[in-house]
Amino acid sequence: MDTLLLLNPIAFSIGALKVHWYGLILGTAALVGLLLVIREGKRYNIPQEVFMDMVLLGVPSAIIGARIYYVAFRWDDYKDNFWDVFKIWNGGIAIYGALIGAIICAVIFFRRKGYNFWRMADICAPGLIVGQMIGRWGNFVNQEAYGGPVEESFLRDKLHLPDFIVNQMNVEGVFHHPAFLYESLWSLVGLVLLLVLRRQKFLRAGELFMSYFIWYSIGRFFIEALRTDSLGFQAPQWLASLVNGLWSPMTALGFEQGYLDPAYGNVRISQLLGIGIIIAAIIFIVVRRVTGKADARYSDPIVSSKVSSEPTDDMPQAGPVASKESKASPSPAKEETKQAEDKKE
């Protein structure tokens with residue numbers, strides 16, 4: 001669809017090379033997420049190189065996964081033009097596909113490094129959601145991933161949005177829901193919740209990662225139906241009715257679903273996947289608690305099986321508080337010497 005871009009999507013050019021805002025924003029999102037993860041990793045004495053290497057491998061894996069996911073559900077658009085599959089600069093990626101690609105890469109990578117995947121995934125969860133929070137502004141610049149038509153007064157008077165957002169949501173003379181903004185703000189609230197939750201003593205390994213998925217999927221379920229570019233499939237009528245019924249509270253708030261091309265189906269894939277993820281995450285937490293598999297807590301030390309468990313002068317003990325305890329507690333030998341000197345006096 002041709003759109004009237006009020007913001008130039010090209011940030012600057014170096015000769016024939018054009019640098020797009022979209023790429024800069026995604027790069028910034030990845031960097032901020034990485035710094036947040038590295039900072040938390042330091043509490044467990046995990047080398048920052050581990051997370052840096054993970055990003056170097058994870059970002060390409062996420063892009064590949066996002067493209068494969070999108071193309072798989074739009075295969076009719078690509079089967080006769082196979083080379084268009086590789087033209088990712090023309091758009092066509094999906095966040096759930098990116099998560100699938102990144103998780104597969106992370107499972108393999110962390111196991112090769114000797115780390116428990118769930119412990120490391122917990123540390124990475126806030127970095128993922130902050131990356132999504134920032135990355136959605138790339139959609140804003142490109143005038144994509146927006147919602148259905150709305151009145152200009154809705155954006156200005158009800159939502160009180162600034163002019164630069166309202167104007168960018170004017171696509172070919174029609175104003176649209178800033179779905180990118182809804183998801184970015186939802187992710188911001190989710191980030192705060194994750195940062196608070198990870199300091200709670202009751203939190204077990206893997207549960208912060210699952211909490212991220214639950215929070216994101218809830219927001220994505222309701223926001224996705226506002227969009228006009230959703231991937232869909234033809235589902236039984238009872239399933240379509242169920243999904244629409246779960247979304248009905250949004251109708252009571254004055255929102256309407258965006259257009260879904262009947263050629264692609266009657267159910268939005270991201271909505272259905274979101275429901276499945278929420279259910280699976282809750283089951284994961286409950287089963288691990290009931291069966292006793294969730295014995296490790298988030299605050300417990302993290303040690304790689306590829307590294308000797310005996311601490312040395314060059315390798316501090318793993319764990320958020322181990323190094324402080326070792327400094328604060330005097331050795332038995334020093335304590336006995338001190339007592340002997342006191343008796344002499």
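A crossing of two helices is called left-handed if the near helix is turned anticlockwise from the far one by less than a right angle, and right-handed if clockwise. Both kinds occur in this predicted model.

Helix H5 (residues 117-142) takes part in each of the two crossings described here. Its crossing with helix H8 (residues 179-197) is left-handed. H5 and H8 pack at an angle of about 165 degrees. Their axes lie 9 Å apart. Angles over 145 degrees count as roughly antiparallel, so H5 and H8 are roughly antiparallel to each other. On the H5 side, the residues in contact include Ala 125, Ile 129, Met 133, Arg 136 and Phe 140. On the H8 side, they include Phe 180, Ser 184, Ser 187, Leu 191 and Leu 194. An α-helix has 3.6 residues a turn, so residues three or four places apart point the same way.

The second partner is helix H1 (residues 21-42). H1 and H5 also pack at an angle of about 165 degrees, with their axes 8 Å apart. H1 and H5 are therefore roughly antiparallel to each other. Here the crossing is right-handed.

The largest nonpolar core has 80 residues. Those with the most contacts inside this core are Ile 46, Phe 51, Phe 110 and Tyr 212. H5 gives the most to the core, with 12 residues. Phe 110 was examined in more detail. Neighbours within four places in sequence were left aside. Phe 110 is then in contact with Val 50, Met 54, Tyr 115, Phe 117, Met 120 and Cys 124.

Helix H9 (residues 207-224) has 18 residues. At 1.5 Å a residue, H9 should span 26 Å. The C-alpha atoms at its ends are 25 Å apart, which agrees with that span. H9 is mostly covered, as 14 of its 18 residues are buried.

Two loop residues have a positive phi although neither is a glycine. Gln 143 has a phi of about 50 degrees. Gln 143 sits in the loop between H5 and helix H6 (152-158). His 160 has a phi of about 55 degrees. His 160 lies in the loop between H6 and helix H7 (163-168). The surroundings of these residues were also compared. Buried means under 20% relative accessible area, and exposed means over 50%. Gln 143 has a relative accessible area of 3%, so Gln 143 is buried. His 160 has a relative accessible area of 61%, so His 160 is exposed.

Technical notes:
Residues are numbered from 1 along each chain as its sequence is written. This is a predicted model: local features need pLDDT of at least 70, side-chain atom pairs count only at pLDDT 80 or more; totals for chains, interfaces and linings use all residues. Side-chain values use heavy atoms; hydrogens and water are left out. A nonpolar core is a set of buried Ala, Val, Leu, Ile, Met, Phe, Trp, Tyr and Cys residues joined through side-chain atoms within 4.5 Å. Buried means under 20% relative accessible area, exposed over 50%, partly exposed in between (1.4 Å probe, protein chains only). Helices (H or I, at least four residues) and strands (E, at least two) are DSSP runs, numbered from the N terminus. Contact means heavy atoms within 4.5 Å. The expected span of a helix is 1.5 Å times one less than its number of residues. Axes are lines fitted to C-alpha atoms, for helices over the stretch in contact, and angles run from 0 to 180 degrees between N-to-C directions. Angles under 35 degrees count as roughly parallel, over 145 as roughly antiparallel, 65 to 115 as roughly perpendicular and the rest as oblique.
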